[in-house]
Amino acid sequence: MQEQFIRLIRKTGTSLGINIPTEIIQLLKLKENDMLRVTIEQIKRGDKN
């Protein structure tokens, strides 16, 4: 099963990260240590660098 969603990147320590929405977690029955394929597509350039 495949789902798509839009999220902003945020800084977490020295890394950048995104959160997976709860609805997607429940729909796909995701749990800790599941392996996911992630595709990144920039759709808008942010104002900050």
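**Close-up views of a predicted 49-residue chain**

The chain has a mean pLDDT of 90, and 92% of its residues reach 70 or more; pLDDT is the predictor's confidence in each residue, from 0 to 100. Where pLDDT is low, the predicted coordinates should not be read in detail. This is a predicted model, in which local features need pLDDT of at least 70 and side-chain atom pairs count only at pLDDT 80 or more, while totals for chains, interfaces and linings use all residues. Residues are numbered from 1 along each chain as its sequence is written, and side-chain values use heavy atoms, with hydrogens and water left out.

**View 1. The whole chain and its elements.** One helix and two strands make up the secondary structure, in the order β-β-α along the sequence. Helices (H or I, at least four residues) and strands (E, at least two) are DSSP runs, numbered from the N terminus. Among these elements, strand β2 (residues 15-17) has the highest mean pLDDT (96) and β1 the lowest (93). The C-alpha atoms fill a box of roughly 35 × 25 × 20 Å along the principal axes. The accessible surface comes to about 5600 Å², and 50% of this belongs to carbon and sulfur atoms. Accessible areas come from the Shrake-Rupley method with a 1.4 Å probe; for residues, only the protein chains shown count as cover. Of the 49 residues, 4% are buried. Buried means under 20% relative accessible area, exposed over 50%, and partly exposed in between (1.4 Å probe, protein chains only).

**View 2. A nonpolar surface patch.** F5, I9, L16, I18, I20, I25, L36, V38 and I40 form a nonpolar patch of about 860 Å² on the surface. Patches are made of residues with over 30% relative accessible area and no salt bridge; like charges are joined within 9 Å, and nonpolar side chains (Val, Leu, Ile, Met, Phe, Trp, Tyr) within 5 Å. One of the patch residues, I9, lies in the segment before β1 (10-12). I9 counts as exposed because its relative accessibility is 58%.

**View 3. Surroundings of L36.** L36, also a member of the nonpolar patch, lies in the segment after α1 (22-28). With a relative accessible area of 45%, L36 is partly exposed. Leaving aside neighbours within four places in sequence, L36 is in contact with I20 and L30, where contact means heavy atoms within 4.5 Å. I20 belongs to the patch as well. From L36 to P21 the C-alpha to C-alpha distance is 14 Å, and the two residues are 15 apart in sequence.

**View 4. The salt bridge between D34 and K31.** The side chains of D34 and K31 meet in a salt bridge, with 3.3 Å from N to O. A salt bridge is a side-chain nitrogen of Lys or Arg within 4 Å of a carboxyl oxygen of Asp or Glu, and by this rule the count is one. D34 is partly exposed because its relative accessibility is 29%. K31 counts as exposed, at a relative accessible area of 60%.

**View 5. Positive phi at K29 and N33.** K29 is not a glycine, yet has a positive phi of about 55°. K29 is found in the segment after α1 and is exposed, with 68% relative accessible area. N33, likewise not a glycine, has a positive phi of about 75°. N33 also lies in the segment after α1, and its relative accessibility of 76% is why N33 counts as exposed.
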